[in-house]
Amino acid sequence: MSLGTSAIRRSGCVLLVVLLLCLVARAAPGPQDDSIRARLKACLLMGDMQCVVTQYMVLKDLGRMPDWLVAFQNAFAVANRRAGECEKVARAIHQGLAEFAQKPVFIRFSVEGKYSQLGFDVLEKGVFVKNLQISSNGYHVAVKLGDRVIDAYTGLAGLPLHEYMARLTTRPGSHVIQQVVEGL
């Protein structure tokens, strides 16, 4: 056997192995496959809501999203980025994360001082874009998961608590305090 024939056979074998691995990697996992659970958790950690929904639907082998999952997904809608929606949003996020075996807690932000308005600085690529009023009564609630704060303004990925606090704004003479609370 010549050197060229041997190299072609090795290349053919390598190609066959690569093709088989590609087929296995693209194969749809079964409903009880642990890799689905791992992907679901990764989607949660990345804050990718569409991925979360897709993986959950595969995991549970469902044809229709349960109501709590619809509410969880809708909690991050732009329409909820306004004053007065925070409790409804926080409840939906809390329930959604709890359904995914996470341990969320509620966190309350209050304004102390002369003025009660509370704003949130929106940044894009590290640059200030606008300030949204999130409360006119000095009260806002969100969900805390580990060191991250999650609400309609942050999306599922959330923000580290220190960054979230830095983005909260109020008028001179007032300041923001935060407190973990048991329930709403």
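Reader: What is the relative accessibility of E163?
Author: The model is predicted, so local features need pLDDT of at least 70 and side-chain atom pairs count only at pLDDT 80 or more, while totals for chains, interfaces and linings use all residues. Residues are numbered from 1 along each chain as its sequence is written, and side-chain values use heavy atoms, leaving out hydrogens and water. Buried means under 20% relative accessible area and exposed over 50%, with partly exposed in between (1.4 Å probe, protein chains only). E163 counts as partly exposed, at 27%.

Reader: Which residue meets E163 in a salt bridge?
Author: A salt bridge puts a side-chain nitrogen of Lys or Arg within 4 Å of a carboxyl oxygen of Asp or Glu. Here the N to O distance is 3.0 Å. Because the two residues are 4 apart in helix α6 (residues 161-167), about one helical turn separates E163 from its partner, R167.

Reader: Is R167 buried or exposed?
Author: The cut-off for buried is under 20% relative accessible area. R167 has 14% relative accessibility, so R167 counts as buried.

Reader: Which helix gives the most to the largest nonpolar core?
Author: Such a core is a set of buried Ala, Val, Leu, Ile, Met, Phe, Trp, Tyr and Cys residues joined through side-chain atoms within 4.5 Å. Of its 31 residues, L69, F72, I93 and F100 touch the most other members. Helices (H or I, at least four residues) and strands (E, at least two) are DSSP runs, numbered from the N terminus. With 7 residues, the top contributor is α3.
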